[in-house]
Amino acid sequence: MKRQLLLTAVEEEAAPLIRPLRSARTHSCGQIRWTCGELAGQPVAISYGGVCKVNAAATVQCCLDHLDCSGVWMCGTAGAMDPRCQIGDVVVVTRCAYHDVDNQGVLIEAFPYRKSCWFDSDPQALRLAFQAASALQPRWQVFYGSAVSGEQFIDQKGRDAIVSAFSPLCVDMETAAAAHVCSLHDVPFAAVRAISDTPFHSGLDVYHQHSAEAAEHAAALILAMLRQRSAGTDE
């Protein structure tokens, strides 16, 4: 059975997806775990793989090895890089890149010779996200645009350089790595990230204060996307 893999970094981000899961069964390989079941009428697997790029990549690869995945959707929190994005708003990631990698030398000029440093999101998933946001009519805003990932929690240091180089809506620590693995296997990928901190309200204290609410918002849109798929409106 093909399943949609719903990937988060931490348990707090996965909790709003696991709570309504039906017929849940948890499996593991080493320290990587995933829970299979039915969500909004769709067969899914949910996994929280840990913070940072290597954990995200390892989790995606492990799940692809053990599951017949129809695609991978990343879900969780992010820091706003665009001042329009406020705490609690949601970003539907249309493309993502690494902000801490020599993209030209590593990704483009070395095997497997990518044409761009950007990993594009699955167009069908983006259509589902747009339909889901319209149906959901949330009290928070939904933005569509680029995101970047790196091994650092971005407060103020390094922010200006990232904005200058990439002009992203948000920044996190996993999305590009998950997208990278998916691109190597031609598996459709998309990501939904909710804002937990901003350029004006930044730092780990702010993140911890708002991360649970932001995770609920990201999960709400993911659930709405699954409902749209169940309704057959993604044609």
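This is a guided tour of one structure, stop by stop, with a selection to make at each.

The model is predicted, so local features are given at pLDDT of at least 70 and side-chain atom pairs at pLDDT 80 or more, while totals for chains, interfaces and linings use all residues. Residues are numbered from 1 along each chain as its sequence is written, and side-chain values use heavy atoms, with hydrogens and water left out.

**Stop 1: helix α6**

Begin by selecting residues 175-184, which form helix α6; helices (H or I, at least four residues) and strands (E, at least two) are DSSP runs, numbered from the N terminus. Of the 10 residues in α6, 8 are buried, where buried means under 20% relative accessible area, exposed means over 50%, and partly exposed lies in between (1.4 Å probe, protein chains only). The buried residues are Thr175, Ala176, Ala177, Ala178, Ala179, His180, Val181 and Cys182. Now pick out valine 181 within α6, which counts as buried because its relative accessibility is 9%. Leaving aside neighbours within four places in sequence, valine 181 is in contact (heavy atoms within 4.5 Å) with Ala57, Val60, Gln61 and Leu64. Just after the helix, aspartate 186 takes a positive phi of about 55 degrees.

**Stop 2: the nonpolar cores**

Next, select Trp34, Val72, Val91 and Phe189, which touch the most other members of the largest nonpolar core, a set of 47 residues. Its largest share, 6 residues, comes from α6. A nonpolar core is a set of buried Ala, Val, Leu, Ile, Met, Phe, Trp, Tyr and Cys residues joined through side-chain atoms within 4.5 Å. In soluble globular proteins, nonpolar side chains tend to be buried together.

Zoom in on valine 91 in strand β6, which is buried with a relative accessible area of 0%. Not counting neighbours within four places in sequence, the contacts of valine 91 are Cys85, Phe143, Gly145, Leu169, Cys170, Ala191, Val192, Arg193 and Ile195.

Then move to tryptophan 34, which, beyond residues up to four places away in sequence, touches a list of residues including Arg25, His27, Ala45, Ile46, Cys62, His66 and Leu67. Apart from the largest core lies another, of 29 residues, among them Ile46, Ala132, Ala218 and Ala224.

**Stop 3: salt bridges**

How many salt bridges does the model hold? The count comes to 8, taking a salt bridge to be a side-chain nitrogen of Lys or Arg within 4 Å of a carboxyl oxygen of Asp or Glu.

Select aspartate 100 and lysine 53, whose side chains meet in one such bridge at 2.9 Å, N to O. Aspartate 100 lies in the loop between β6 (90-98) and α3 (103-108) and lysine 53 in helix α2 (residues 53-66), so the pair ties together parts that are 47 residues apart in sequence. Aspartate 100 is partly exposed at 28% relative accessible area, whereas lysine 53 is buried at 13%.

Go on to glutamate 213 and arginine 139, where the closest N and O atoms of the salt bridge are 3.9 Å apart. Because glutamate 213 lies in helix α7 (residues 204-230) and arginine 139 in the loop between α4 (123-136) and β8 (142-149), this pair ties together parts 74 residues apart in sequence. Glutamate 213 is partly exposed at 40%, and arginine 139 is exposed at 72%.

Finally, select arginine 193 and glutamate 174, which meet in a salt bridge at 2.9 Å, N to O. Arginine 193 is in strand β10 (residues 189-197) and glutamate 174 in the loop between β9 (170-172) and α6, 19 residues apart. Both arginine 193 and glutamate 174 are buried, and salt bridges that share partners join Asp172, Glu174 and Arg193 into one network.

**Stop 4: threonine 77**

Keep arginine 193 in view and select threonine 77 in strand β5 (residues 68-80). Is threonine 77 buried or exposed? With 7% relative accessibility, threonine 77 counts as buried. Its contacts, apart from neighbours within four places in sequence, include Glu13, Asp172, Arg193, Ser211 and Ala215.

**Stop 5: helices α1 and α7**

To finish, select helix α1 (residues 11-18) together with α7; their axes come within 8 Å and cross at roughly 40 degrees. The contact is made by Glu12, Glu13, Pro16 and Leu17 of α1 and Ser211, Ala212, Ala215, Glu216, Ala219, Ile222 and Leu223 of α7.

Technical notes:
Axes are lines fitted to C-alpha atoms, for helices over the stretch in contact, and angles run from 0 to 180 degrees between N-to-C directions.
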